[in-house]
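Welcome, and please open the model in your viewer. Have the selection tool ready, and we will go through it one stop at a time.

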Amino acid sequence: MLGKLLKHELRATARIMIPVYLLLVVSACLFTLTMFLADAYDLMALDIFLGLLSTVFTITLAGTLVCNTALMVYRFYKNLMTDEGYLMFTLPATVDGLICSKLLSALIWSVCTVLAEALALWISARGVFVREGLELIFSGDWSIIFNLFSTGQWISFILQAILALALSTSSSFLMFYAAIALGHSFANHKVLLSVVFYFAFTFGLQTIGSFLSVFGIVFLATDTPPLFLSNDPAVIVQVVLLIYLVTSLALVAVFYVVTRLLLKKRLNLA
Amino acid sequence: MPLLECKQLCKRYGAVQALNNVDLSVEPGRIVGLLGPNGSGKSTLLKIANGLLTPTSGTLTIDGLTPGTETKKLVSYLPERTYLSRWMNVVQLLDFFCDFYADFDRETAERMLTALEISPKLRIRQMSKGTQEKVQLILVMSRKARLYLLDEPIGGVDPATRDYIIRTILTHYNPAASVILSTHLIADVEEVLDDVIFINKGTVALQSSVEAIRSERQCSVDELFREVFRYVG
């Protein structure tokens, strides 16, 4: 059932995301083409057009990221909390299936967005000016960083970082879902309350994060834990990654349970 | 075993008691009118039966099961709202129902769509409200479900559409199944009903067969409804 839900979710979101990606790639191509032309012909009109396209390209890059997040949050709201919820919650599917299909779709599109942004940047990097800038950045000696860890350690860290990123992205979407589900469990002002709860969650997490950071710094400064004694950067990276992984996993669990509980026990379709 | 059974079912929204100690049962093969004025608790009862609301106390079972994934396979629900995604066209909706409901009969749906001259390529957002309601009803009635729960299927549509809807319910429901039809437009549905449940202010005021009402009380369901609700109100 999850597969079917995911299939329909991807179909519903693809009709927006695919044109957005096309727009991004087209704007990258136009930007790069204009860079070639501006380099070949010394025309003021081309320089002005290049400046304009560079702004459009930057906005499209940022807009694609915003569109990805906004659409995934809107889909959860529209498909489960408005009239469409009457269909979705009467399908022979579990609440877990409904939440997971939304979350998996959001993660898949987030990966696609990263790939589309990378492609757009790669296309723009073919252009003369961007290429020169990148060559300048990468002309330095990067071997110090590459030699910091062994190949095995690099692979392990990259895999852990990908997992941490996936968990962190999941917790971000689940925080939106939990806020929407909580806001919609009330009789009135559902959307407004959802926004209020989202900001309350953000504020709460920042407060807890600040408190734990201060506590951690004091602890590290006054005690002599192994992390501080170690001169091995791999140990430090490993500890930081573990803290990030555990924190993200805890947030995923908390927001998932809150969302699930509210949709199962306090569903309140208008 | 009753197809749908409520025992001491209560639902409270804050200070409002939407359902109060409702006891009722619906046997298979019956067309039941769930009749009552606006705000009497009809939609709340149907929402609980569909797992969209959780009862405050008491139980509601469908074929002996508490509303959940298994009962949703047995129930075909028509809510009073249009729940179809506005961007979808009719073909996409048929695909959707085929995917999720093993008992969905695509051929029946396509036949009904053709009869009503509804283009399969038409998107929901391009349809009038009446056509949207017809498509929704076609999708719901094209399932070979055990229990059809229809919430105000004839409210807010013109008389011709109303006739079509009633005819559709009669000709397309699975005869071994039951239909619970919630409405306050009694005269329009009276002819097709086997049983009636009168509900007012969250309480069952009467549960009887239409035949018994006609033979014992010598009146129509519509007349009895007016009498009962004049008395209760």
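What follows is a walk through the two chains, the domains of one of them, and the places where parts touch. Keep in mind along the way that this is a predicted model.

**Stop 1: chain A as a whole**

Select chain A and show it as a cartoon. Its secondary structure comes to 10 helices and zero strands, so to speak an α-α-α-α-α-α-α-α-α-α pattern when read along the sequence. Now turn the chain around to get a feel for its extent: the C-alpha atoms fill a box of roughly 65 × 55 × 35 Å along the principal axes. The radius of gyration of chain A is 23 Å, whereas a compact globule of 270 residues would have one near 18 Å.

**Stop 2: the two domains of chain A**

Next, colour residues 1-140 of chain A one way and residues 141-270 another. These are domain 1 and domain 2 in the domain assignment. Their centres, taken over C-alpha atoms, are separated by 24 Å. Where the domains meet, 25 residues of domain 1 of chain A and 21 residues of domain 2 of chain A take part in the contact. About 2,100 Å² is buried between the two domains, and 77% of that is on carbon and sulfur atoms.

**Stop 3: a salt bridge between the domains**

How many salt bridges run between domain 1 and domain 2 of chain A? The count is one. To find the pair, select A:Asp96 and A:Arg260 and show their side chains; the closest N and O atoms of this salt bridge are 2.6 Å apart. The partners come from distant parts of the chain, 164 residues apart, with A:Arg260 in helix H10 (residues 233-265) and A:Asp96 in helix H4 of chain A. Between the same two domains you can also look for three residue pairs in polar contact, both residues at pLDDT 80 or more.

Stay on the side of domain 1 that touches domain 2. Helix H2 (44-81), helix H3 (85-88) and helix H4 (95-125) of chain A are the elements that give two or more residues to it. Select H4(A) in particular, since this is where the largest share, nine residues, comes from. Colour this side of domain 1 by residue class and you should find 16 nonpolar, seven polar and two charged residues.

**Stop 4: chain B as a whole**

Hide chain A for a moment and select chain B. Here the cartoon has nine helices and nine strands. Chain B has a radius of gyration of 18 Å, close to the 17 Å that the globule rule gives for 233 residues, so chain B is as compact as a globular protein of that length. Along the principal axes, the C-alpha atoms of chain B fill a box of roughly 50 × 35 × 35 Å.

**Stop 5: where chain B meets chain A**

Bring chain A back and select the residues in contact: 24 from chain B and 27 from chain A. The two chains bury about 2,400 Å² between them, with carbon and sulfur atoms giving 61% of this area. Which three residues of chain B supply more of the area that chain B buries against chain A than any other three? Show B:Leu52, B:Trp87 and B:Phe100, which together supply 28% of it.

Now for the charged and polar pairs. There are two salt bridges between chain B and chain A. One to look at is B:Arg81 with A:Asp83, where the closest N and O atoms are 3.0 Å apart. The interface also has nine residue pairs in polar contact, both residues at pLDDT 80 or more.

On the chain B side, helix H2 (69-74) and helix H3 (90-100) each supply at least two of the residues that touch chain A. Select H3(B) to see the largest share, six residues. By class, the side of chain B that touches chain A divides into 10 nonpolar, six polar and eight charged residues.

**Last stop: the whole model**

Finally, show both chains together and look for salt bridges throughout. Over all chains, the structure holds 15 of them.

Key: Residues numbered from 1 in each chain as written. Chains lettered and ligands numbered in written order. Predicted model: local features only at pLDDT ≥ 70, side-chain atom pairs only at ≥ 80, totals over all residues. Heavy atoms only, no water. Domains from an automatic or database assignment. Contact = heavy atoms within 4.5 Å. Buried area = accessible area lost by both parts, 1.4 Å probe. Salt bridge = Lys/Arg side-chain N within 4 Å of Asp/Glu carboxyl O. Polar contact = N/O pair within 3.5 Å; in protein donor to acceptor, adjacent residues only side chain to side chain. Helix = DSSP H or I, 4+ residues; strand = E, 2+ residues; numbered from the N terminus. Nonpolar A, V, L, I, M, F, W, Y, C, P; charged D, E, K, R; others polar. Rg over C-alpha atoms; globule rule 2.2 N^0.38 Å.
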